[in-house]
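Me: Could you take me through one part of this model slowly, and then set it in the context of the chain? I would enjoy a connected account more than a list.

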Amino acid sequence: MIQEKDLPRSYVDAMKELLEEDYDAYIKSLDEKPYVGIRTNLLKLEPEKLKEILDRDFKEIPWVKEGFYFEEERGVLTTPSLSNIEKIKSISKNPYYFAGLYYIQEPSAMTPAMVAGIKPGDKVLDLCAAPGGKSTQAAAHLQGEGLLVSNDFSASRVKALQKNIEVSGIDNVLITNEDPKNLSKVYIEYFDKIIVDAPCSGEGMFRRDSAVFRAYLGRGPEFFTGLQVSILNEAAKMLRPGGTLVYSTCTYSKVEDEGSLSEFLENHPDFKIDKIKPDFGFEESKILPGTIRLFPHKIKGEGHFVARLKKDERALEKDENKTKDKKKRKSLKLPEELLEFLGKIKRYWDYERIFINKDYAYYLPKDALIDKSLHYIRTGLLLGEIKKNRFEPFQALAMNIKFDEWENPLNLSATDERVIKYLKGETIEADDEYMGIRLVCVDGFSLGFVKQNKKSCKNKYYQGWRWM
């Protein structure tokens, strides 16, 4: 826990000025245990269903309908039928977590995507996306319609972003590893909603992460302001007229919050603050009314600053760059083994959207703008690899398939010992005989593939995701 004596004098003075009579309550909150939340993956189930299958009386996070608080030491995660089998205590070890039914996320961090007002059909950009909390939340609200471009500048952090997107079963996504300056040259006034959860000093995370506090001591708030404004400037180029831009940080610093935002607004008169109601214990900024802060002594969550901006409506100018996405790709003859496999999945496939790159097959998002100048980590759903005389389906495809889309899934109860064996990468035995690739599910939710020979099932679960 962080003590007041450990805090830099400049920080203490700034917080006293910001909080006034609430300062002591804030300092006291630093001694309290941080809250942890989980957010239901609305692509796979509804919040009440998640509570039912986890058999927990979760307390709702007031500002996020699909979010819940949890504390692992207060109980264990079970299913109603669990009796003699050892209970799974950790929410990150539960089979339903591996099925992508929920995302573990700090409660305050759910706010930016919530206030963005994302709806099915929108084109959404998450500009500083890793590790993926806001992207997976945005995708859940898109409900498979529209487009999500999920970007992070860091090559190492984008790996976690990719995993979390694929575990969640998202297919209408482009994952990029780019400088925002490069993205803005391609996606000119393209997006309906943009989320900029900007790099910051992390003052709101002090009680949660001691590493953030140590880093803060080395550089402080001023280190980030130029970067924040630069990112906002590029985001502005990519937002369509009438679109929504959400700017958020996990810091209290007026320099990084109102300061960076005010500088941006001064240089972009076509942007105005779209007021966020200070409900649920949110605190309205006195400097920029309509923007909010979340304080740990006011809410059950960590520190955040959130602002929502609207870009003025106006007629779009004609520009060749804005119509690139209307160019048709040249149709290619698809391998028979790929078509045969996709035919086993009971859904409509638009074969014009299948793209083959070095024997890897992708299902591209509908009408998405994809430009060769950018570094894409994923372009849509990675279906698998085309090998000699066969198609090898990949984990991302398994996570995207619904139970009723596969003819004969190997459906196991969460209490079945074979589930953990499967997640560890071990060979398992089926109850019935079958030959070929088969989808493994836990209580009706997909986990991955096996290659079954009679009753023996060779494990195809992705090695990098296995239960450790």
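Where is Gln143 found?

Reply: Happy to. Gln143 sits in the loop between α6 and β6 (147-151). Keep in mind throughout that this is a predicted model.

Let's begin with the backbone of that residue. Gln143 has a positive phi of about 55°, although it is not a glycine. Most residues other than glycine have a negative phi, and most peptide bonds are trans. The positive phi of Gln143 comes just after α6. As for its surroundings, Gln143 counts as partly exposed because its relative accessibility is 41%, a value between the 20% and 50% cut-offs.

Now step back into the helix itself. Helix α6 covers residues 133-142 and is mostly covered, with 9 of its 10 residues buried. The buried ones are Gly133, Lys134, Ser135, Thr136, Gln137, Ala138, Ala139, Ala140 and Leu142. So going from α6 to Gln143 takes you from a helix in which 9 of 10 residues are buried to a loop residue that is partly exposed, because 41% lies above the limit for burial.

The other side of α6 deserves a look too. Pro131 is placed in the loop between β5 (123-126) and α6. The peptide bond joining Ala130 and Pro131 is cis, with omega at about 5°. The loops on either side of the helix therefore each carry a backbone feature to inspect: the cis bond at Pro131 and the positive phi at Gln143, against the general background that most residues other than glycine have a negative phi and most peptide bonds are trans.

What touches the helix? One residue to follow is Ile165, found in helix α7 (residues 157-167). Leaving out residues up to four places away in sequence, Ile165 touches Ser135, Thr136, Ser150, Ile170, Val173 and Ile175. Ser135 and Thr136 are among the buried residues of α6. Ile165 is itself buried, because its relative accessible area is 1%, under the 20% cut-off. There is a long-range relation here as well: Ile165 and Ala396 are 231 residues apart in sequence, yet their C-alpha atoms are 8.9 Å apart in space.

For a comparison with Gln143, try Asp443. Asp443 also has a positive phi, of about 50°, and is not a glycine. Its place is the loop between β20 (428-442) and β21 (445-459). Asp443 counts as partly exposed because its relative accessibility is 32%. One of these loops follows a helix, as Gln143 lies between α6 and β6, while the loop of Asp443 lies between two strands.

Two other helices offer buried polar side chains to look at. Ser260 lies in helix α11 (residues 255-267) and counts as buried because its relative accessibility is 1%. A polar contact of 2.8 Å joins the side chains of Ser260 and Gln228. Not counting residues up to four places away in sequence, Ser260 touches Thr225, Gln228, Val229, Leu232, Tyr247 and Val255. Tyr23, in helix α2 (residues 23-29), is buried because its relative accessible area is 5%. The side chains of Tyr23 and Glu4 are joined by a polar contact of 2.7 Å. Beyond its neighbours within four places in sequence, Tyr23 is in contact with Glu4, Val12, Met15 and Lys16. Tyr23 and Leu239 make a useful contrast to the pair Ile165 and Ala396: they are 216 residues apart in sequence and 38 Å apart in space, C-alpha to C-alpha.

Finally, the setting of all this. The chain has 14 helices and 21 strands, and buried residues make up 55% of its 468 residues. Its radius of gyration is 23 Å, which agrees with the value near 23 Å for a compact globule of 468 residues. Along the principal axes, the C-alpha trace spans about 70 × 60 × 35 Å. Among contacts between residues at least 6 apart in sequence, 69% join residues at least 24 apart; the contact of Ile165 with Ser135 is one you can find on screen. About 21500 Å² of the chain is exposed, with carbon and sulfur atoms supplying 49% of it.

How values were computed. Residues are numbered from 1 along each chain as its sequence is written. This is a predicted model: local features need pLDDT of at least 70, side-chain atom pairs count only at pLDDT 80 or more; totals for chains, interfaces and linings use all residues. Side-chain values use heavy atoms; hydrogens and water are left out. Helices (H or I, at least four residues) and strands (E, at least two) are DSSP runs, numbered from the N terminus. Buried means under 20% relative accessible area, exposed over 50%, partly exposed in between (1.4 Å probe, protein chains only). Contact means heavy atoms within 4.5 Å. A polar contact is a pair of N or O atoms within 3.5 Å; within protein, one must be able to donate a hydrogen and the other to accept it, and residues adjacent in sequence count only if both atoms are side-chain atoms. The radius of gyration is taken over C-alpha atoms; the globule rule is 2.2 Å times the number of residues to the power 0.38. Accessible areas come from the Shrake-Rupley method with a 1.4 Å probe; for residues, only the protein chains shown count as cover.
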